[in-house]
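I sat down with this one to go through it piece by piece. These are my notes, in the order I looked things up.

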Protein chains: 2
Amino acid sequence: MEREGASLSRRELLRMIGITAGSAAMYQAMDGLGLAAESPYKGPIDLQGAPQGASVLILGAGIAGMTAAYELRNAGYRVQVLEYNARSGGRNWSLRGGDTYTELGGFTQTCEFDKDLYINPGPWRIPYHHQGILSYAKRLRVALEPFFQVNYNAYLHSSSAFGGKPQRYREIKADYQGHVAELLAKATRQNALDAAVSKEDREKLLESLRAWGTLDKNYSYVSSDAGSDRRGYKKDPGGGLTARPVPSQPTGLHDILDSKLWQGIPTGDTYDMQTALFQPVGGMGRIGEAFGRELGALIRYNSKVTRIHQDDRGVTVNYVDTSAPDTALTAKADWCLCTIPLPILAQIPMNVGPAMSSAISAVPYAAAIKVGLQFKRRFWEEDEHIYGGITYTDLPITNIGYPNTGFFSSGKGVLLGAYIWGLNAMEFTAMTPPERVQRVLEYGSQIHPQYTREFDNGVAVAWHRSPFTMGCYGMWSTDARAKHYDDLCAIDGRIALAGEHASFIGGWQEGAVTSSLDAIGRLHRRAVAQGAKA
Amino acid sequence: MEREGASLSRRELLRMIGITAGSAAMYQAMDGLGLAAESPYKGPIDLQGAPQGASVLILGAGIAGMTAAYELRNAGYRVQVLEYNARSGGRNWSLRGGDTYTELGGFTQTCEFDKDLYINPGPWRIPYHHQGILSYAKRLRVALEPFFQVNYNAYLHSSSAFGGKPQRYREIKADYQGHVAELLAKATRQNALDAAVSKEDREKLLESLRAWGTLDKNYSYVSSDAGSDRRGYKKDPGGGLTARPVPSQPTGLHDILDSKLWQGIPTGDTYDMQTALFQPVGGMGRIGEAFGRELGALIRYNSKVTRIHQDDRGVTVNYVDTSAPDTALTAKADWCLCTIPLPILAQIPMNVGPAMSSAISAVPYAAAIKVGLQFKRRFWEEDEHIYGGITYTDLPITNIGYPNTGFFSSGKGVLLGAYIWGLNAMEFTAMTPPERVQRVLEYGSQIHPQYTREFDNGVAVAWHRSPFTMGCYGMWSTDARAKHYDDLCAIDGRIALAGEHASFIGGWQEGAVTSSLDAIGRLHRRAVAQGAKA
């Protein structure tokens, strides 16, 4: 879900491509995945002139489906939504104390978190430029609060570097920047870059490197107050007679390069991870819940689609109620917007042409696991002064996400204990949920030894075992995108598809919103044209 | 107030030093100012064994004075606090609708902000490592919420570059980083740095520069999806059939260097500005107000100190009630903690030795102006998608601070329209408050043209005209610190000083807290020793 999922699964994919095609292909592939970008949402959609009595059947009450239902209903269409789950939201979902969740294979977990504590198994943050989802949150009166992506006091951790000791983000960032500045200043002063930097710019560049990299008067990056004012001090300044600060000693460039911890530096620089980021107060699921309340009886829950059939006059969908699966039910409409995730849709008989059919089968879904851990106290705040943000590690748990709410509160707290991708995700998917939690605790205690004493309970969601998506989000390769993307999005007769998988913002709710608006805009124009003909 | 104030006034000071002493002295001076650093606060102070009946008179109900009053009272001392203002908090202060404020010279402003809107004329943010002030906020049950320092979508603005058009922070940061990476990669590949970078590290460095700087396969920083995924796209990716992104074009290094906008890049890297930062819900003044409620009748308000006298037996303070200034009043105690800002204390007769006396006169105070502007709508959010954080400009207004609360709300909003230092502050100090507001509007409209149409009302606080501080915070030069700091902090007989001016964290509330705790710890030990003797 979202960029880090994107980033790592992208890495896997790139590794596969890289094996046969070398780095040029790899870079092109990277360009093609398009997993992180601003929404082109430009304000409420205009669907004036809906034909009298025209109906749309929407499959899936996730963000894409409910965006469509909301707008089509407002435009005067007759709308019905079929949803497999007993709740609205789809991957927009918060697991709270008392909630139960049954995954494929039948294992049921009951979340035992305290009141007001939750984990978002799916999306957990919204960047400032995702104006589509932000605008629906506002219209649905879902309050938003800041989400810290980068926390300078959280850790970058390599199990094979620095004796396994986690390093503070601020130290690695300050030191990498300092060393880069020192090296570039050296090259500049040796006139090694005379062809690339004009004489006029040379002095300005040096001035900027000194300030940006906290270099000393000889353009060296050494222990200093200026450097410690980035990376932190050995002894911090204070007040009164015991106040004098003592600077800290930078980490050497070799150690930073060797540890690969530099990889964690630019996370907050990427477009989808830049400040300002937000989360709904009370959990991401608040958006899906508010959408569900808004749409009310338009959504039929516990409805499992078994067949989608269109002809000249309309679309017929067969489904069953999951509580009475032997009784075949039918819904009909003039048009159908299908937001069912592709791994599931690929298994449902649907009479669309070969182009859309091939496209549906062309997109593998990311495996991802999220594990929520409740602890008896917020030790990351109390002991380590980490308030929100994320620790990155090369252990299979990948992320430790600190809660961006309830700061400084006493009592229990819930961490995102793991956000796992790739091969590790496969391994974790094969475990039972309690085994996953146990393994995550073992890994996490390498970073936070308090885990052992403070653990209370946990839940684990493996997206490949999710019965309503069978995966986390669609992963488009450059090739697949070139061959199949337009076919996936083009209306086939009376059926259009939407969801994050039908977007260039894969794995983000904004992809769901913008693909939905694009699809219903086209469906609407077709309906209007047909209405005029009729 | 805080780091930016510190930073710019430091720059002024450095400029003065630099004129005569060159850059070596300048760097040493920079080291000596110590304006940004972690607190050495290590948990609640232990003041066991207070002598029976011992009393302490505290001058000033700001953060330093109230920290002392709270701890000394809890330890069993008899405590009285004299405060010049009619409220607690000192520079910890929020101006809200209906509040009035009279500055030196008699000009009274009435704040006309809407309900729940405010401006913090003094401190406005608390970094995660300021554990002293954070701990008092928690003990006083003041809720804290995140403060965005850096906003990638806010602006860096130079009135003489890019045709005066503000640049998005993300663009300048991504491009500077990209160009630096490209140049260093070039030097590395030309073997210009062989003496500085080992053969083993060379490839690792290149790999890191490519990822960190979004370089292409030839190690060039060019227009690309990877680069646009930092600086933003020309056309943003979306969903459906109109979704393909178009990359943007980087700004050239020459233009960035020439504009000096690179200066704004590392603001969020400095220790006091790193995530996580917080602000009290409802305004910084909530801390001072909560302290005041907690101390209740221990604080005597409207009390202007006119003389401080000590002898072998105790301390006698003369003061007047500001509503009846002709009646001399007297307070006595065994000990005195004086937190009166130095520009005012320097004018009050006090019989301390020449060492403390000289120290009191050795510290100039920063001039600073803050201007709060209420607008009819939050156009920075609605039109420009700037949610919190700060825009930096070379115009005299220096900062535009966007509110870090009430995100996405409809209706009016209050900006920090200016945070002015140095020579510009002098000029603005000389104006009437309405003139200041008018000038700030004129400058600000160069960045936000909406100012003209949307302006509602404003307030302006010039700290050099503040009757209770006559300045914003103490500015220690390296020389003054070496000569006078210990003398300022050392107890003189029965009198100790405290406040941000008696700390290495000048301009920050943490300096006030830690200097206060350091001072009362020493006063307590002296009181215990004397109590034992008596």
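**Entry 1: a small sheet in chain A**

I started with an open sheet of three strands in chain A, ordered E7-E11-E8, with antiparallel pairing. I noted strand E7 (126-127) and strand E8 (144-146) of chain A as the edge strands, since each pairs on one side only. I should say right away that this is a predicted model.

Next I followed E8(A) to its partner. Three bridges join E8(A) to strand E11 (residues 277-280) of chain A, and the two run antiparallel. For a register mark I wrote down A:Glu145, which stands opposite A:Gln279 in E11(A).

**Entry 2: the peptide bond before E11**

I then checked what comes ahead of E11. The bond from A:Thr275 to A:Ala276 is a cis peptide, with omega near 5°. I placed A:Ala276 in the loop between helix H7 (253-259) and E11 of chain A.

What does chain B have at the bond between B:Thr275 and B:Ala276? I found a cis peptide bond there too, with omega about 0°. B:Ala276 sits in the loop between helix H7 (253-259) and strand E11 (277-280) of chain B. I flagged these bonds because most peptide bonds are trans.

**Entry 3: positive phi**

I went looking for residues with a positive phi, since most residues other than glycine have a negative one. I picked A:Thr214, where phi is near 50°. A:Thr214 belongs to the loop between helix H5 (199-213) and helix H6 (225-231) of chain A.

In chain B I picked B:Asn302, with a positive phi of about 55° although it is not a glycine. I located B:Asn302 in the loop between strand E12 (299-300) and strand E13 (303-310) of chain B.

Are these residues buried or exposed? I get 27 other C-beta atoms within 10 Å of A:Thr214, so A:Thr214 counts as buried. B:Asn302 has 17 other C-beta atoms within 10 Å, so I put it down as partly exposed.

**Entry 4: a covered strand**

I moved on to strand E20 (residues 413-421) of chain A. This strand is mostly covered, and I have nine of its nine residues down as buried. Eight bridges join strand E17 (residues 368-375) of chain A to E20(A), and the pair runs antiparallel. My register mark here is A:Phe375, which stands opposite A:Gly413 in E20(A).

**Entry 5: a tryptophan in a loop**

I looked up A:Trp476 and found it in the loop between strand E21 (455-462) and helix H15 (478-489) of chain A. A:Trp476 has 24 other C-beta atoms within 10 Å, so it is buried. I also took one distance: the C-alpha atoms of A:Trp476 and A:Arg522 are separated by 23 Å, and the two residues are 46 apart along the chain.

**Entry 6: one face of H10 in chain B**

Which residues of helix H10 (residues 354-361) of chain B are buried? I listed B:Met356, B:Ala359 and B:Ile360. Looking down the axis of H10(B), I see these buried residues fall within an arc of 100°, so they line one face of the helix. On the other side of H10(B), I have B:Pro354 and B:Ser361 as exposed. I then checked what covers the buried residues, and the cover includes helix H9 (342-345) and helix H15 (478-489) of chain B.

**Entry 7: how the chains meet**

I turned to the contact between the chains, which takes 93 residues from chain B and 93 residues from chain A. On the chain B side, the largest share, eight residues, comes from helix H4 (residues 169-189) of chain B. I sorted that side of chain B into 47 nonpolar, 28 polar and 18 charged residues.

How do the copies superpose? A rotation of 180° with 0.0 Å of shift along its axis puts chain B on chain A, with an RMSD of 0.0 Å. The two copies are therefore related as by a two-fold rotation axis. I looked for what comes nearest the axis in chain B, and the C-alpha of B:Leu184 is the one, 2.7 Å from it. The same surface serves both copies: I find 100% of the contact residues of chain B recurring in chain A.

**Entry 8: confidence**

Last, I checked the scores. Chain A averages a pLDDT of 92, and 92% of the residues score at least 70. I marked residues 1-38 of chain A, where pLDDT stays under 50; the model has 86 contacts for them beyond four places in sequence. For the complex, I copied down the predictor's ipTM of 0.91 and pTM of 0.92.

Definitions and conventions. Residues are numbered from 1 along each chain as its sequence is written. Chains are lettered from A and ligands numbered from 1 in the order in which they are written. This is a predicted model: local features need pLDDT of at least 70, side-chain atom pairs count only at pLDDT 80 or more; totals for chains, interfaces and linings use all residues. Two residues are in contact if their C-beta atoms, placed from the backbone, lie within 7 Å. Helices (H or I, at least four residues) and strands (E, at least two) are DSSP runs, numbered from the N terminus. Ala, Val, Leu, Ile, Met, Phe, Trp, Tyr, Cys and Pro count as nonpolar, Asp, Glu, Lys and Arg as charged, and the others, Gly among them, as polar. A residue is buried if 20 or more other C-beta atoms lie within 10 Å of its own, exposed if 12 or fewer, and partly exposed in between; C-beta atoms are placed from the backbone. The arc is that of the directions from the helix axis to the C-beta atoms. Copies are superposed by least squares on the C-alpha atoms of residues with pLDDT of at least 70 in both. pLDDT is the predictor's confidence in each residue, from 0 to 100. Two strands pair if DSSP finds at least two bridges between them.
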